[in-house]
Amino acid sequence: MTLSEYRMMIDDADRELLAAFRRRMEASAGIAACKQRQGLPVRDPLREQEKLDTIRALVGAELADYAAALYETLFALSRDYQTKLLAPKDEKALRCGLLGTPLGHSYSPAIHAMLGSYSYELFDTPETGLSDFLKRGEFDALNVTIPYKKAVIPFCAALSPEAEAVGSVNTILRRPDGTLFGDNTDCAGFRALVRESGVSVAGKKALVLGSGGASRTVCHVLRELNAREIVVISRTGENNYENLDRHADAELIVNATPVGMFPMNGEMLFSLTEFPDCAAVFDLVYNPARTALVLQAEHLGIPAFGGLRMLVEQACRSAELFTGRTVSEETAEQVLRTLRRKSENVILIGMPGSGKTTVAAALAEALGRQCLDADTIFADWTGMDIPSYFAVYGESGFRAQESDILLDLGRCSGCVISTGGGVVLNPMNYDTLHQNGTIIWLRRGLDRLAREGRPLSEHADLAAMYETRAPLYARFADFTVSNDGTVAETVQAILEVLE
Ligand code: NAP
């Protein structure tokens, strides 16, 4: 061989070496994150010694010392890289945010405000602006949501093994050299949701609705948990909503579509009654807390779980990647509790004159929330007071109109809602109120119910009315609170049950 041929050989080998070096350093970054999570030191002398012994044996006696010298340098470079990655960051200076579109009702800013002191902006970016946004780079780290979890991949210089395996990126980190690193914390989120549910996936047949980014994440985790069979249902796929009967033996159903998500509350793709073996339902949607699918599962006695736990867990894992700091389980629990409390409505039901309007206003004030009074909204919507509406349209007309108004109120998040005394007469109102709320039955002694100026109850037989309605109030209510004391006492009692 000539000198130039040998040099070409060296150039080829260097190209392979550099590619292997890049892969090695990427794995090293992953190891840094694992060590941080497990509280392990960067240096592991035992592991280094074992590696050196293996390398000496593999390379042969003649090159053993050279190979050992090369690897000692590599170990030092890896340690240096890991130390740099794990160095405490100035959190306040970190510019983080959520990339997607549309982002109107995202819970992420509220969650990240509880997880760290970095800034967290909503980067609502149209598809035409995606490339420009990622290249301009006015951020240090990002979460990525619909519709960009796949689209961002070509902009990442490297992916974590999990993001690579799933083909979906929901977290992007800017590396010290300015390039982007894509990771996937949705997997950890879905794992946590399944773990918390206590549902065993192994050996079960699962239907996964939708074929987008979340669906790929779910399938990846279900495979890892040894599901027996995983079928993706896609509107345009071989398995679709027209031939669901092929899979009537499904034991797990996971909704990874936006169907049922605010503002499309109440929508669902099929009835669970078509799946007699269904043992559990997971719905990745978290607003409302209970989608129509989850509500139907509850009615059928099938354990069902919404997506809030997954949302919080993926955010915690992303925050760890943003800051290089571990988020404890206690913090994750606290965030979940706070978010649940803040996002769900508190709904007061009870007999006419039991004090719902007054208590709701005081409760809203105590909680710093908006108060919605169904009766007042009824008058605003219809332009008529309730007795006049009753006189013109009868009770059935009134109840139908009231249910329509409740459909709108039930979709809200984080409000205090005071309802009319008869809402429990229409069983459909239960799902409307329960989908996103804690329902409290406000009880007051019959002799203390306000009647004055209330044409509908002024001359009614309240005892008979109570007899009919009490079991219905009990069926709707998550909690019962007495309003026989002062308003302040009642508000305090409600705050206690909400805790
Ligand atoms: P995506 O990439 O846009 O995929 C959604 C998929 O749902 C689509 O590929 C489509 O599949 C199907 N779909 C969309 N509209 C539909 C409709 N009207 N009827 C039936 N199917 C429809 O979105 P994604 O990122 O996978 O997210 C899906 C849902 O999961 C969203 O609601 C999101 O909020 C939620 N999610 C929650 C979490 C969490 O932490 N809880 C995390 C990720 C996602 P086909 O075209 O194949 O039918």
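Buried means under 20% relative accessible area, exposed over 50%, and partly exposed in between, with a 1.4 Å probe and protein chains only. Asn 226 counts as exposed, at 52% relative accessibility. This is a predicted model, in which local features need pLDDT of at least 70, side-chain atom pairs count only at pLDDT 80 or more, and totals for chains, interfaces and linings use all residues. Residues are numbered from 1 along each chain as its sequence is written, and side-chain values use heavy atoms, with hydrogens and water left out.

Stay with Asn 226 for a moment. Its place is in the loop between α8 (213-224) and β8 (229-233). Helices (H or I, at least four residues) and strands (E, at least two) are DSSP runs, numbered from the N terminus. Phi of Asn 226 is near 65°, a positive value in a residue other than glycine.

Now go to Lys 205. This lysine lies in strand β7, residues 205-209. Lys 205 is buried, with a relative accessible area of 3%. Contact here means heavy atoms within 4.5 Å. Setting aside residues up to four places away in sequence, Lys 205 touches a set that includes Arg 228, Glu 229, Arg 246, Asp 249 and Glu 251. Val 231, His 247, Ala 250 and Leu 252 are also among the residues it touches.

The ligand comes next. It is surrounded by 22 residues, where near means that a heavy atom of the residue lies within 4 Å. The closest are Ser 211, Ala 214, Ser 234, Arg 235 and Leu 284. Polar contacts are pairs of N or O atoms within 3.5 Å; within protein, one must be able to donate a hydrogen and the other to accept it, and residues adjacent in sequence count only if both atoms are side-chain atoms. Ser 211 places a polar side-chain atom 2.5 Å from an oxygen atom of the ligand. Arg 235 uses a backbone N or O atom, 2.9 Å from a ligand oxygen atom. A backbone N or O atom of Leu 311 lies 3.2 Å from an oxygen atom of the ligand.

Two cis peptide bonds deserve a look. One runs from Phe 262 to Pro 263, with omega near 5°. Pro 263 sits in the loop between β9 and β10. Another joins Asn 287 to Pro 288, with omega near 10°. Pro 288 lies in the loop between β10 and α9.

That loop leads into helix α9, residues 292-300. Its buried residues are Ala 292, Leu 293, Val 294, Leu 295, Gln 296 and Ala 297. The cover over them includes β9 (252-255), β10 (280-283), β11 (304-305) and α15 (428-434). Gly 301 follows α9, and its phi is positive, near 75°.

Turn to a helix pair. Two packed helices are described by the angle between their axes and the distance between the axes. Helix α4 (residues 108-115) and helix α11 (residues 329-343) pack at about 140°, with axes 10 Å apart. Axes are lines fitted to C-alpha atoms, for helices over the stretch in contact, and angles run from 0 to 180 degrees between N-to-C directions. On the α4 side, Ile 111, Met 114 and Leu 115 make the contact. On the α11 side, Thr 331, Val 335, Thr 338 and Leu 339 do so.

Finish at Met 465, in helix α17 (residues 462-476). At 17% relative accessibility, Met 465 counts as buried. Beyond its neighbours within four places in sequence, Met 465 is in contact with Met 351, Pro 352 and Ala 460.
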